[in-house]
Amino acid sequence: MPSHKLRLDRSRHAAPQVFEHLREQIISLELAPGAPLSRVMLAEAYGLSQTPIRDALMKLAEEALVEIYPQHTTVVSRIDIAAARQAHFLRRSIELEIVHLLAQKPDPLLIQQLQASIERQRACHAAGQYPQFMEADQAFHRDMHMAAGVTALWDMEQRYSGHVDRLRRLHLPEAGKAERIMDDHQRVLDAIAAGDAPRAQQALREHLSGTLSQVAEICKRYPDYVLAD
């Protein structure tokens with residue numbers, strides 16, 4: 001069940017808020033692969049009827065983050081390595097074009113914004129705040145999408161990113177991983193600021209390959225969490 005209470009915004013429909021809250025907890029692994037999700041208990045926890053709970057769970061199932069067994073149970077899905085690889089391929093393909101575009105005409109305001117994002121990552125890492133670090137990491141990439149005018153593509157990528165994002169969360173606590181992420185971001189940013197598109201693409205390619213290059217080790221360490229390809 002959710003580890004902390006959701007304060008519903010009464011100006012919005014309940015189901016999307018429950019979906020967002022549960023998705024966040026699944027991605028952060030607060031709700032681990034295999035965790036049961038009782039519709040009755042969720043309704044009680046959120047103070048809602050079962051209808052918005054059902055709708056939220058169905059949307060999570062569309063992203064393959066939960067598995068619904070009718071008349072039986074719903075559980076958080078295991079991390080599908082094949083799905084993670086496809087999501088990674090999609091994101092890498094799009095972002096390689098994004099950094100190429102941004103480097104062709106560096107925007108000082110964007111450079112400042114991305115640098116501030118890296119500084120937020122450093123502060124979160126120093127404080128041992130992994131969820132906040134991940135949010136700042138995501139913000140770095142989202143801001144590049146926005147600057148390139150392809151925010152809708154970011155939204156599309158997020159619908160497929162659940163499995164690879166959970167892999168990254170498993171990999172993040174590894175010694176040196178967070179530092180490598182921040183260093184990679186700095187290299188991407190420096191190349192964009194210098195107007196060096198090939199260098200920006202190479203830095204991004206190396207950055208995005210980090211977690212998937214360690215899939216075998218992650219699977220060995222967390223066999224109950226993953227569905228190997």
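This note sets out numbered points on a predicted model, beginning with its annotated domain and ending with backbone geometry.

1. The annotated domain. An unreviewed UniProt entry lists residues 12–79 as "domain: HTH gntR-type". In the model, this span is 51% helix and 13% strand. The C-alpha atoms at its two ends are separated by 30 Å.

2. A salt bridge between Glu 63 and Arg 23. The structure contains 11 salt bridges. One of them joins the side chains of Glu 63 and Arg 23, with an N to O distance of 2.8 Å. Glu 63 belongs to the loop between helix H3 (50–62) and strand E1 (66–69), and Arg 23 to helix H1 (residues 14–27), so the pair ties together parts that lie 40 residues apart in sequence. Both partners are charged residues that fall under the 20% limit for burial: Glu 63 has a relative accessible area of 13% and is buried, and Arg 23, at 14% relative accessibility, also counts as buried.

3. A salt bridge between neighbours. Arg 54 and Asp 55 form a salt bridge in which the closest N and O atoms are 3.1 Å apart. Arg 54 is partly exposed, its relative accessible area being 35%. Asp 55 likewise counts as partly exposed, at 33% relative accessibility.

4. The network around Arg 187. The side chains of Arg 187 and Glu 206 meet in a salt bridge, at 3.0 Å from N to O. This pair links distant parts of the chain, since Arg 187 is in helix H9 (residues 177–193) and Glu 206 is in helix H10 (residues 197–208), 19 residues apart. Asp 184 joins Arg 187 and Glu 206 in a network of salt bridges. As to accessibility, Arg 187 counts as partly exposed at 35%, and Glu 206 is partly exposed with a relative accessible area of 36%.

5. The packing of H6 and H7. Two packed helices are described by the angle between their axes and by the distance between those axes. For helix H6 (residues 130–147) and helix H7 (residues 151–160), the axes come within 7 Å and cross at roughly 140°. H6 is therefore oblique to H7, because the term roughly antiparallel is kept for angles over 145 degrees. On the H6 side, the contact is made by Gln 138, His 141, Arg 142, His 145 and Met 146. On the H7 side, the contributing residues are Thr 151, Leu 153, Trp 154, Glu 157 and Gln 158. By character, the residues of this contact divide into 5 polar, 3 nonpolar and 2 charged.

6. Ala 103 and its surroundings. Ala 103 lies in helix H4 and counts as buried, at 1% relative accessibility. Leaving aside residues up to four places away in sequence, Ala 103 touches Ala 191, Ile 192, Gly 195, Asp 196 and Ala 197. The C-alpha atoms of Ala 103 and Ala 193 are 6.7 Å apart in space, although the two residues are 90 residues apart in sequence.

7. Asp 107 and Ile 192. Asp 107 is found in the loop between helix H4 (81–104) and helix H5 (108–126). With a relative accessible area of 36%, Asp 107 is partly exposed. Its C-alpha atom is separated by 8.9 Å from that of Ile 192, a residue 85 positions away along the chain. Ile 192 is also one of the residues that Ala 103 touches.

8. Positive phi angles. Most residues other than glycine have a negative phi. Leu 29 is not a glycine, yet its phi is positive, at about 70°. Leu 29 lies in the loop between H1 and helix H2 (39–46) and is buried, with a relative accessible area of 17%. Ala 64, which is not a glycine either, has a positive phi of about 60°. Ala 64 lies in the loop between H3 and E1, the loop that also holds Glu 63. At 36% relative accessibility, Ala 64 counts as partly exposed, whereas Glu 63 is buried.

Conventions. Residues are numbered from 1 along each chain as its sequence is written. This is a predicted model: local features need pLDDT of at least 70, side-chain atom pairs count only at pLDDT 80 or more; totals for chains, interfaces and linings use all residues. Side-chain values use heavy atoms; hydrogens and water are left out. UniProt positions are given in the numbering used here, feature names are shortened, and annotations may be inferred rather than shown by experiment. Helices (H or I, at least four residues) and strands (E, at least two) are DSSP runs, numbered from the N terminus. A salt bridge is a side-chain nitrogen of Lys or Arg within 4 Å of a carboxyl oxygen of Asp or Glu. Buried means under 20% relative accessible area, exposed over 50%, partly exposed in between (1.4 Å probe, protein chains only). Axes are lines fitted to C-alpha atoms, for helices over the stretch in contact, and angles run from 0 to 180 degrees between N-to-C directions. Angles under 35 degrees count as roughly parallel, over 145 as roughly antiparallel, 65 to 115 as roughly perpendicular and the rest as oblique. Contact means heavy atoms within 4.5 Å. Ala, Val, Leu, Ile, Met, Phe, Trp, Tyr, Cys and Pro count as nonpolar, Asp, Glu, Lys and Arg as charged, and the others, Gly among them, as polar.
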